[in-house]
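Please look at the aromatic side chains in the model below. The paragraphs that follow go through some of their contacts.

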Amino acid sequence: MNEELYNFLLGKIFYFCQLPSYTKWGIWSFEPDGKIKGMHSDFEQIWKIKNERLLILDSQGHVTCIFEGQQKSHLLRPGMEHFQVALIATDLIGYDYFDSLCPIENDLVAACMETGSVANEKLRQLLLEDKTIDGYYAGRAYAVKRKDLEIGLKQYKGVFYDLELSQNQPDSFTKKLLVWFPGLLSYNHGNARENFFPNPFEGITGSIAKNTVVLRIADSNLINGSYYLNTPNFGDYEQNIQELIEKTAKEEGILRENILCAGSSRGGMGALYHGLLGNYALVSMDPVVDRSPWLQSADVQLMFDCIPVSFVDKLNQLLEKTNLSAEKIQVITSPQVPITYPFIIQLKTWKLALKTYRMKLADEQFDYQPYGGKMHGDFVNRNIPLLLMKINEFLYGCDSIENTIDEKTL
């Protein structure tokens with residue numbers, strides 16, 4: 001390896017070859033004569049060091065890429081003769097948005113939350129191009145086309161999901177479908193799966209009625225989801241979710257009246273909205289029906305203007321038209337949760353079964369966070385058994401079990 005290049009790379013971290021291998025990544029070897037060889041390199045390229053930057057040039061001497069590195073204490077060792085650096089393809093964030101988004105410390109996109117900033121607008125443009133963040137290395141985020149994501153889930157028309165079938169269940173139990181909408185645990189993880197699908201409730205099948213198929217739907221849109229709503233980049237998102245539910249039910253031989261949508265927080269909004277949209281029974285735990293508390297200081301969820309701030313009007317329109325009885329629309333909340341309750345009671349509550357509960361709190365448990373996020377999380381986490389009870393009330397109600405009396409026991 002050329003000494004100049006070695007000294008430039010020494011102690012710095014770029015995008016090394018041990019990172020996840022996406023199809024658009026190329027692994028390049030930098031030769032001592034200044035030439036570049038490697039995979040996915042269709043054109044002759046050369047490198048040079050100038051002003052503490054690594055420049056990549058085409059055969060005509062035009063600069064095509066510029067790379068900088070963050071200081072690290074290890075990674076390169078003296079005596080390495082061939083060192084490969086994995087460079088991000090030009091449609092990713094590492095080139096066009098390099099200076100605006102780097103360096104970013106622990107919070108993946110903190111620099112992008114300031115409304116109106118250059119970084120904020122560039123990230124918004126990425127989302128409108130139907131890209132999302134899926135990678136965070138050396139303080140740099142990179143963008144990937146949403147349709148090109150590989151996050152270990154099945155996909156139907158851009159909707160990522162997981163399907164858990166019931167195994168060896170007795171025919172005496174009616175076959176049912178539980179559609180689970182995961183909530184949002186925290187924001188802006190370094191990979192899309194954690195943003196879209198952080199709480200899949202994997203152990204739920206051991207706590208619900210037998211012969212229940214579980215369809216878990218990821219909020220696979222924008223960076224932290226879109227509350228399962230259409231956005232300018234994904235205009236048929238809602239329709240595709242509805243089609244996925246119908247497709248699953250048809251393939252599994254499940255009747256509409258035996259389908260239940262459920263979720264909490266962001267997932268509670270998903271369950272409430274898509275339950276009403278498809279006329280499915282639903283159980284929604286403390287749904288977020290207005291996101292204004294998350295916009296007080298910055299757009300921490302990075303949803304920009306892609307969805308409304310309030311979902312109340314959309315939900316009330318669906319409540320006005322629904323054929324579901326109020327008992328099929330179960331909404332669980334608490335007046336102690338300031339981040340959700342004041343907005344939930346703006347719904348047409350006479351059209352649903354609103355269940356309000358209070359938590360017993362010690363003084364030190366009072367929520368001092370400016371937008372009330374801790375109380376919301378505490379209420380949801382403490383009342384998982386209550387959510388399961390409401391889910392099972394519906395699922396067991398689908399089973400046709402007659403009460404019989406054995407005359408011999410009288």
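F311 is buried in this predicted model: its relative accessible area is 0%, and buried means under 20%. Y227 has a relative accessible area of 1%, so Y227 is buried as well. The ring centres of Y227 and F311 lie 5.1 Å apart, with the planes at 55°. Planes under 30 degrees apart would count as stacked and planes over 60 as edge-to-face; the angle here fits neither, so the pair is tilted. Along the chain, Y227 belongs to the loop between strand 14 and helix 6, while F311 belongs to the loop between strand 16 (281-285) and helix 8 (312-321). With their positions 84 residues apart, the two rings link distant parts of the chain.

How many aromatic pairs does the model hold? The count is four, taking ring centres within 6.5 Å as the rule. Another of these pairs is F181 with Y228. Their ring centres are 5.0 Å apart and their planes stand at 90°, so this pair is edge-to-face. F181 is in strand 13 (residues 176-181), and Y228 is in the loop between strand 14 (212-217) and helix 6 (237-252). The two residues are 47 apart in the chain, and this pair too links distant parts of it.

Are F181 and Y228 buried or exposed? F181 has a relative accessible area of 0%, so F181 is buried. Y228 is also at 0% and therefore counts as buried.

A ring can also have a charge over it. The charged end of R146 sits over the ring of F234, 3.8 Å from the centre of that ring.

Terms used: Residues numbered from 1 in each chain as written. Predicted model: local features only at pLDDT ≥ 70, side-chain atom pairs only at ≥ 80, totals over all residues. Heavy atoms only, no water. Phe/Tyr/Trp six-rings, centres within 6.5 Å; stacked < 30°, edge-to-face > 60°. Helix = DSSP H or I, 4+ residues; strand = E, 2+ residues; numbered from the N terminus. Buried < 20%, exposed > 50% of the residue type's maximum accessible area, 1.4 Å probe, protein only. Lys NZ or Arg CZ within 6 Å of the ring centre and 35° of its normal.
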